[in-house]
Amino acid sequence: MTSTGEAVQFWVLAVIAVGGALGMVLCRKAVHSALCLAGTMIALAICYMAEGAVFLGIVQIVVYTGAIMMLFLFVVMLVGVSSADSVKEALKGQRVAAVLGGIGMGVLLCAGIANAHLRNFTGVGAANQASGGNVPGLARLIFTQYVWAFEVTGALLITAAVGAMVLTHREATEVRQSQRELAEQRVRLGTQVTPLPAPGVYARHNAVDAPGLLPDGTPAEISVNPTLRQRGQMRRLGSDVLRRMGELESGAAHWLGRKTPKPRTGGELAHVERTGEEQQREVESK
Amino acid sequence: MDNLIPVLVAVPLLGAALLLCGGRRLDRVGHWLGTLLAFASFGVGLALFFSMLGRSTADRPVHVTLYTWIPVNGFQADVGFQLDQLSMTFVLLITGVGSLIHLYSVGYMAHDQKRRRFFGYLNLFLAAMLLLVLADNYLLLYVGWEGVGLASYLLIGFWQHKPSAATAAKKAFLVNRVGDVGLSIAVMLMFTTFGTFAFTPVFAHASQATQATLTGIGLMLLLAACGKSAQVPLQSWLGDAMEGPTPVSALIHAATMVTAGVYLITRSSAIFNLAPTAQLATVVVGAVTLLFGAIVGCAKDDIKKALAGSTMSQIGYMVLAAGLGPIGYVFAIMHLVTHGFFKAGLFLGAGSVMHGMNDEVDMRKYGGLRKYMPLTFVTFGLGYLAIIGFPGLSGFFSKDKIIEAAFGHGGTEGWILGTCTLVGAAVTAFYMTRVMLMTFFGEKRWVPDADGHDPHPHESPAVMGAPMVILAFGSVFLGGLFSINSSFVHWLSPVTGYQEGHSPLSTTTVTVCTTVVLLLGVGVAWMMYGRRPVPAVPPLGSLLTRAARRDLLQDDFNHVVLVSGGSHLTRFLVYLEGKGLDGLVNGIAALIGGTSGRVRKVQNGYVRSYALSMFGGALVLAATTLLMRAV
Amino acid sequence: MNPVNYLYLAALLFTIGAVGVLVRRNAIVLFMCVELMLNACNLALVTFSRLHGNLDGQIIAFFTMVVAAAEVVVGLAIIVSVFRTRHSASVDDTNLMKL
Amino acid sequence: MSFPILTVAAALPAVGAVLTAALPPATNTRSRDRNKVVPLLFSLGTLVLACVVAARFQPHGARYQMTEHHSWIPQFGISYSLGVDGLGVVLILLTGVLVPFVMLASWHDADPVVDDSGTFERNRRTQGFFALILAVEAMVVIAFEATDVFLFYVFFEAMLIPMYFLIGGFGDRTKGEDARQRSYAAVKFLLYNLLGGLVMLAAVIGLYTITHTFDLVSITTALQNGSLHFSSTAENALFLGFMFAFAVKAPLWPLHTWLPNAMGEATPGVAVLITAVVDKVGTFAMLRFCLQLFPQASKTFAPAILVLSVIGILYGALLAVGQKDIKRLVAYASISHFGFIILGIFALTSQGQSGAELYMVNHGVSTAAWLLVAGFLMSRRGSRLISDYGGVQKVAPVLAGTFLVGGLAILSLPGLGPFVSEFLVLVGTFERYPALGIVATAGIVLAALYVLVLYQRTMTGPVKPGNEGVGDLKARELVVVAPLIALLLVLGVYPKPVADIVNPSVNQTLSQMGQSDPAPHINAATTTTTGGGQ
């Protein structure tokens, strides 16, 4: 039986790992679940170290979490951080079956393990000592007993790399569209013909998440980067900002001797508020 | 001399083959060829008869075997002919009456363009009937039996363009076929019991068989006889058989074919004598048919159907006599021969009446024909006197003996049978007198036929008249000839055996009774049809007459039980086949199609549902491994 | 504390990963769940090496990691190419291969 | 090694089939007639060979004569061994006689249809039709000769293919709905028989596992001298396997539904081929394989099969009465007749089996005569329904006459062939099972019913409108019908030669089965031959 320290450490890590796993499964956004998974992995790494597989724990953190998880994050970025799953299940009875299956599998596995009545764990200490530490021991094993498997996995990695390259690399078969063709296409499609307005035009905030203002004073969403917009991080134009802008304009008009313009009502503000949520909901339904 | 026997059958058979396959060339001469061949076979018959008379009674029967027909281990069927007194009598009757009717048909069918085929069929009938009476084993008899059925089918349905004739022919053949089933079962019973079905060995070993088998064979033979001789259970076809031309009715349905049943019973006398129950059944059938035919005969307005009813009742007499055992066989055959003559004469007379009256059959449209057709009137009259048993004529002798034998049966049965026969004699007198009065006496009730010109009855040509005269001559003197110091009894008793019946009434009392009964019948008929004019439209009449007009509802019974029952059964079976067996087969095909359609849907292309099925598989695997460990 | 608990933890993580694979529709998340299942296996392997007192379990864990890496590389390449044609990362959109 | 007459007898039609198919397609009527005469000559050649085989066959000689034996697949003990016994000779003669008549009768049935646009439909069909008939004949003949179970099985299955094309490809002239009905009938025929064949294949393999050889003679001799013994369950199972396939081929009652469809849709010639020639392989195989290989099982299952066949007799006859289509009526009549044949076979008495074997010949000839004449009638009016005909007797007397004679043969009138065999079958059944014998005898009344009802509806009565144009039999048709009727008469009046060929093989089969006829109670037969059976 192990020391109580390990017991405490186990229960802490166990909770983190399970929480991370559940978080990964239940989060809407891919990025959140990626991070949860990373957490779980790190918790597991510590478990490995606790169980005497020190090298493996390090490798887990460095290689597995560090590299592979980052690859995931990279692809999530590439593919679409916004593509969150919708709640509605397309396949009939899939969710119910999955949950029932899961419970069944869990019960079965636990029953299997319980049935095994594992008592005495000899521990890895002696094995590490015999070969002068965990890493030399592993090295001896890899290069003596498992050298054939080692070579095969090497070949596997190479083919995987080549495979990935073959899959994603595409000859630019069609001619790159020149500027003229892009313009004609935009006119033909009738989308945004003129270049998009720049964000943050007014004096106080020229940050990239503040929308530029149209001549009639309403904020232009298209001036904000679509990714920020999709993530709902577009800055709201608060009423006090508008009020201060109103004072600036009336002060300038007074300086120039023109009549003072009428103050902005809150109407457009609501409009701005709404577009964010509406944007959000529209994505949900896709 | 005995190799002449096969010639008897071969001559008409050759005639039939020639006439049927001869084609157009024989049309002009066909009918004379047929008649000639009929007379030729009659000549051969006479020669054989005189040679047989020459021999002593012991070695009169002659036996000839031509060739082995069906040799299969124990089953030995040969084509062999046997000529003894019984078959000799039949041969003479068949060829004699047959040739006369051939002669008559030359005149009667003069204007029919298919005459050659008619004579072909008549010859075929003669051949088949001769084969029937000459066969030396039951299987060959069966061949003749069905051959005769076929000939009657062809001849009844000769005028095929008439749908009623075709239906009547089919009905006759089918009812006969039911009788034939009885005969084939009897032959099978014989084979399983005796190992053979030839007459001599079967009769020799009949006594060793069990009572049950003998009764079985007897009853089956009786069923066959009923089918062929139109006795009660299977009598519905005789009335409709009148659709055929009159010579056919005369030859087949009066003189020869219908008597085949009586021949079968008399021939199998050895079996019947050992099976009292079968004899009782025969007697009962005879008595019932006797009354049935008489009643039907009274109510029919169609002259031929009336005569058909009378034929049925006269054959009832013969079957009754045959059923009485040794005391009755001889008189049954005697009555058969005399009946053959006068009934054929009556039918030919009716034919010539119809010939003169533009084929009108309804007696209510006759009347007063005696002045216009004197010869037919005389010959028909003599036949009439013979059939009602007028003392001195042939009918009197043969029928009297049967009545005496019926009384002689002894015990209460004797009395019942005797009274039956007496009542039958009375009713026979009644309906025959009715026919005579309605046809030849009373005032003219002629009515123009379909296309307008009214009938002008004339005497039939000589070629039709001659046979009628000869038959009338026969029906007058034949009875007497047979009874002079009971020559006929001595002639037949060696074959069928003869026993003197000890009847409670003496012969004279029986004769007196029959004469009284006869006068009674004639008187009643004269009262009803002689004095009062015969109404053109048939009166409603009592319930019995109305039933009798419909042949005592025999056809309705057959229709309800057999025809409609059969068609329901067939329709149900057709439905069963369509829905049942075919349904089963198509059902399985549909089932397979359906399930494959559903299973296809499981593969819906979604990765996650495949993952789910994989997961389910893993689950099951884990469960089984655990189970294995736990067990 | 009996180290068997690690095995229970591994079983639990494995099951959560499996349910995740079946429930989630986003291809990438689905892949992550597969990774989680693989990690659960690694944990079990390490626990077994501890049980038996030799390092083979850990060696196998290494190999599992290698395989996981190869699998992720190829999987994500597929997702990218699917995204490029389907403009959606949902795994349900690739359902044309059916009868 | 004497001249392999049997192989040549089977090979000749096969070569004929290939040659006819290879003939250049006909462009005009003259060349089309040439394409028909060549197959006809081949079939006549086969007839000649069949006669030679019959002539060289000594009834009281060895059980299988003119045997040939070449090993084919030694590993499985399969050999190409031929041999012909009494029944085989008779059935080969029947096939040899009937096929030329079928060809002559369906001379114009496969002519290309000149559709309204006047263009010929592809005329490869005419030779195809006759080539297929020759192919069927070849396979049937070799099936009758095979004394190797596997060889028999191969051709038992192979003959289905040409039959399928014959039924499906060459139905009546009407198109559209009828074509779909025809393909249904052809597919149903194929599937039914294939299913039977499948079950039989299992039984053949099962047999091999026990006997390790397929040669019939060696198996039967081994059974005789006790060196080979089947366990009762194995024997029953194998028997049922074989019997199922043969019961489908020779339609026994529950498995018969394919025959009315197949015969209803095929041309009259092909319908005759189906029921008169191909189906006989089924009953022949029952006699040769079921009885000889599995004697005990045959005895145990005999009562059940007898009941089925009696049901078949009555069921077929009753349904025939209710039919509206002439060819289906003949099909149901055939089902009733096959009931008689199987009744005779499994009554296990020498009269019954000789009767059954004679019945196969008589049924073949009588159905051919009756159906071919009906086919001529139908080819004149083009319609199959009975209601379209009426009063033909006045317009075509010779056709009506031959139709009547054919009908009388079908209802087994004494004096014609079928009566002899039917009576033998009934007597044979009566000896052992009196009750069944009586019920079967009642069947002959029903036979008379459907024949006479059909004759009355089509031939008698006033001439129904539309039937005036029905011409009488032409020369070609008379050449087909006259010999058949003559044969019927000969078989009816003097069947002794055929019976003498068949009896020895029947006695040998029964003695092999250890089955003797039940002796009559009183040995009254004082005639020359010994009383009762052995």
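The following paragraphs describe three parts of a predicted model: the interface of chain A and chain C, a helix of chain B, and an arginine of chain B.

In this predicted model, local features need pLDDT of at least 70 and side-chain atom pairs count only at pLDDT 80 or more, while totals for chains, interfaces and linings use all residues. Residues are numbered from 1 along each chain as its sequence is written, chains are lettered from A and ligands numbered from 1 in the order in which they are written, and side-chain values use heavy atoms, with hydrogens and water left out.

At the interface of chain A and chain C, 85 residues of chain A are in contact with 68 residues of chain C (contact means heavy atoms within 4.5 Å). The size of an interface is often given as the accessible area lost when the parts come together. Here the buried area (the accessible area, with a 1.4 Å probe, that two parts lose on being put together, summed over both) is about 7,000 Å², and carbon and sulfur atoms give 75% of it. A:Glu51, A:Phe72 and A:Phe121 supply 10% of the area that chain A buries against chain C, more than any other three residues.

The interface also holds two salt bridges, a salt bridge being a side-chain nitrogen of Lys or Arg within 4 Å of a carboxyl oxygen of Asp or Glu. One of them joins the side chains of C:Arg50 and A:Glu6, at 2.8 Å from N to O.

Attention now turns to chain B. Its helix 1, residues 5-22 (helices are DSSP runs of H or I, at least four residues, numbered from the N terminus), has 18 residues and reaches 26 Å from its first C-alpha to its last, close to the 26 Å expected at 1.5 Å a residue; the expected span is 1.5 Å times one less than the number of residues. Among its buried residues (under 20% relative accessible area, 1.4 Å probe, protein chains only) are B:Ile5, B:Leu8 and B:Leu19. The elements of chain B against which the buried residues pack include helix 2 (30-54) and helix 3 (85-108). After helix 1 of chain B comes B:Gly23, with a positive phi near 85 degrees.

Helix 6 (residues 163-194) of chain B contains B:Arg177, which counts as buried because its relative accessibility is 1%. The side chain of B:Arg177 reaches the backbone oxygen of D:Leu411 at 2.9 Å, and a polar atom of that side chain lies 3.4 Å from the backbone oxygen of D:Ser412. Leaving aside neighbours within four places in sequence, the contacts of B:Arg177 include B:Glu146, D:Ile444 and D:Val445.

Note on methods:
Helix = DSSP H or I, 4+ residues; strand = E, 2+ residues; numbered from the N terminus. Buried < 20%, exposed > 50% of the residue type's maximum accessible area, 1.4 Å probe, protein only. Polar contact = N/O pair within 3.5 Å; in protein donor to acceptor, adjacent residues only side chain to side chain.
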